[in-house]
Amino acid sequence: MHETERHRVILAAVQARPVATVTELVDMTGTSEATIRRDIAALHVQGQLRRVRGGAEAVNPPEQGGLMGRPFSVNETINMTAKRAIARAATELCKDGEPIIINGGTTTYQMVHHLTARRLSVFTNSFVIAEFLIQNSRNSVVIPGGTIYREQNVILSPFGGVVASHFYAKRMFIGCQGIGQHGLMEADPMIVQSELGLIGQADELIVLADSSKFSGRSSLILCGLDRIATVITDSGIRDADRQMLETAGVRLIVVETSAEAGRQSTVA
C-alpha cells in the first residue's frame, strides 16, 4: 500500500474509534509497525491526528462512532480488476426470480453493474448497493432498519431486525476481511453480529474474496469453512489455499484477471 493510501486508512481509523492502535493499523494496511509509527509521527506533525502511547487519536473525534476496518472509499481502489471479475462470476450464479442477499462491501458492490437487467428480490445492508439497484434496475430491493455508517456505506443495527429475520434467500453473497483455515474473518463486532443473522437466512453462502484476502487476518471469526458453499477468487490464489478449501469441501471458482477476464475455471 502506498503512503497516500496508508495515510487515508490511518486518518479514517482514528475517526472511527477513540484510539487506533499501532497493531490495528498494521493489520489494516499490511505494513510494518515501524512504517506505521513513522506515518503517525508525520501526520502528528501535520496536525492531522494526535500521537498517543501505542497509537493515535483524532484531533476532533466525530459524535458517531465508526466501524473497525478500512473505509469503503479506500477499499474500492484496491485490487479492482480482480474484484470486478469476481463480481461478474458471482452474478452468473443468480437466476431470475430468486431471492438473494448481498452484503455490503466493495467486491459485492461490483455485482450491481451485472444485475441491471435481472429480476431478483435483493436484500442488502449496503446503502450504495440499494441505491444503485433502485435507480438502475427493476429488481425488488429490501433493506434493514438501522444506522448508516458512512465510512463503510452499510446499514447496521445492534438490535437485529424483523425484516432480516423473515427474509429467506437462496444464496447470500458476502465479502470478508480475511479467510483462512478457521473460516471467514471480520474486523468489527457490529458487522459480525449483523452478518451472523443474515447467514442463517440463506441456503448457500458464497464468498467473494480476491486472493489477497487469504493473507488477511482479524481477531473475529464470522463462521467456519464448513458453512461456506462456494468461494470466488482470482488466479493469484496460492496452492496451499486451494488445498485448504478443497479439504474443507468448499467449491472454488477462480476467475482470470487479464484481458481475458470473464473466463473462469471451477474446482469442485
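How many residues of strand β14 (residues 230–234) are buried? The sections below address this strand in a predicted model, and then a separate three-stranded sheet.

## Burial of strand β14

Five of the five residues of β14 are buried, so the strand is largely enclosed by the rest of the structure. Burial here denotes a relative accessible area under 20%. Both faces of the strand are covered. On one side lie T230, I232 and D234; on the other lie V231 and T233.

## Pairing partners of β14

Strand β14 pairs with strand β12 (residues 202–208) in the parallel sense, over three bridges. Within this pairing, I232 of β14 stands opposite L208.

Strand β15 (residues 251–255) also pairs with β14 in the parallel sense, here over five bridges. In this case V231 stands opposite L252 of β15. Helix α10 (residues 239–247) joins β14 and β15 in a right-handed β-α-β unit.

## The antiparallel sheet

An open sheet is formed by three strands in the order β1-β3-β2, with antiparallel pairing. Its edge strands are β1 (20–21) and β2 (50–52), each of which pairs on one side only. Helix α3 (residues 33–45) packs on this sheet and touches β2 and β3. The direction of α3 makes about 135° with that of β2.

Strands β1 and β3 (residues 55–57) pair in the antiparallel sense over two bridges. The bridge partner of T21 in β3 is G55.

Conventions. Residues are numbered from 1 along each chain as its sequence is written. This is a predicted model: local features need pLDDT of at least 70, side-chain atom pairs count only at pLDDT 80 or more; totals for chains, interfaces and linings use all residues. Side-chain values use heavy atoms; hydrogens and water are left out. Two strands pair if DSSP finds at least two bridges between them. Helices (H or I, at least four residues) and strands (E, at least two) are DSSP runs, numbered from the N terminus. Contact means heavy atoms within 4.5 Å. Axes are lines fitted to C-alpha atoms, for helices over the stretch in contact, and angles run from 0 to 180 degrees between N-to-C directions. Buried means under 20% relative accessible area, exposed over 50%, partly exposed in between (1.4 Å probe, protein chains only). A crossover is right-handed if, with the strands pointing away from the viewer, the path from the first strand over the helix to the second runs clockwise.
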